Amino acid sequence: MAITVIIALLTLGAIARTTRFIVDDSLFQPVRAAVDKRAGNRVFAWLADLINCSWCTSIWVSAGAAVAHWAWHDTVPYVYVVAALTASHAVSLAASWLDSPPLPKHIVLDPVAVAMSVRDQRR
């Protein structure tokens with residue numbers, strides 16, 4: 001039972017990484033640009049909307065992952081692939097968190113000093 005839960009969690013991580021790869025990564029940018037260029041066609045317009053929307057893409061990636069999980073969840077290659085994709089997603093999240101600018105420092109005001117300054121301005 002625990003192995004099934006672990007494989008399901010790894011599949012969720014693989015879904016997140018694959019979705020991010022399609023929608024946000026620069027390696028997939030040429031494909032998105034080619035589809036956007038042909039967006040005058042009805043099918044390509046739908047596909048352009050699909051690959052530029054995280055929510056839309058994740059539904060289709062999840063459907064494919066569900067089929068793959070059903071068919072190959074007990075095979076070693078499947079576990080290695082979903083583990084690698086999950087690790088890639090975890091590393092990208094950690095890298096973006098570590099590369100982000102620091103949070104602004106909160107300024108704590110002395111309520112007595114604020115009250116005094118407000119009272120002084122009214123005179």
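**Exercise 1.** How much area does the protein chain expose, and what share of it do carbon and sulfur atoms supply?

*Solution.* The model is predicted. In this model, the exposed area of the protein chain is about 9,500 Å². Carbon and sulfur atoms supply 71% of that area.

**Exercise 2.** Describe the secondary structure of the protein chain and state what share of its residues is buried.

*Solution.* Step one: the protein chain contains six helices and zero strands. Step two: along the sequence, the pattern reads α-α-α-α-α-α. Step three: of the 123 residues in the protein chain, 21% are buried.

**Exercise 3.** Which residues form the largest nonpolar core, and which helices each supply at least two of them?

*Solution.* Step one: the largest nonpolar core consists of eight residues, namely Ile15, Ile22, Phe28, Val35, Ala48, Ile51, Val61 and Ala65. Step two: at least two residues of this core come from each of α1, α3 (42-51) and α4 (54-72). Step three: a separate, second core has six residues, among them Ile7, Leu10, Ala14 and Tyr78.

**Exercise 4.** With which residues is Val61 in contact, neighbours within four places in sequence being left aside?

*Solution.* Val61 belongs to the largest nonpolar core. Once those sequence neighbours are set aside, its contacts are Ile15, Thr18, Thr19 and Ile22.

**Exercise 5.** Is Met1 buried or exposed, and which surface patch does Met1 help to make?

*Solution.* Step one: Met1 lies in the segment before α1 (2-23). Step two: Met1 counts as exposed because its relative accessibility is 78%, and the cut-off for exposed is over 50%. Step three: together with Val5, Leu9 and Leu12, Met1 makes a nonpolar surface patch of about 460 Å².

Note on methods:
Residues are numbered from 1 along each chain as its sequence is written. This is a predicted model: local features need pLDDT of at least 70, side-chain atom pairs count only at pLDDT 80 or more; totals for chains, interfaces and linings use all residues. Side-chain values use heavy atoms; hydrogens and water are left out. Patches are made of residues with over 30% relative accessible area and no salt bridge: like charges are joined within 9 Å, nonpolar side chains (Val, Leu, Ile, Met, Phe, Trp, Tyr) within 5 Å. Accessible areas come from the Shrake-Rupley method with a 1.4 Å probe; for residues, only the protein chains shown count as cover. A salt bridge is a side-chain nitrogen of Lys or Arg within 4 Å of a carboxyl oxygen of Asp or Glu. Helices (H or I, at least four residues) and strands (E, at least two) are DSSP runs, numbered from the N terminus. Buried means under 20% relative accessible area, exposed over 50%, partly exposed in between (1.4 Å probe, protein chains only). A nonpolar core is a set of buried Ala, Val, Leu, Ile, Met, Phe, Trp, Tyr and Cys residues joined through side-chain atoms within 4.5 Å. Contact means heavy atoms within 4.5 Å.
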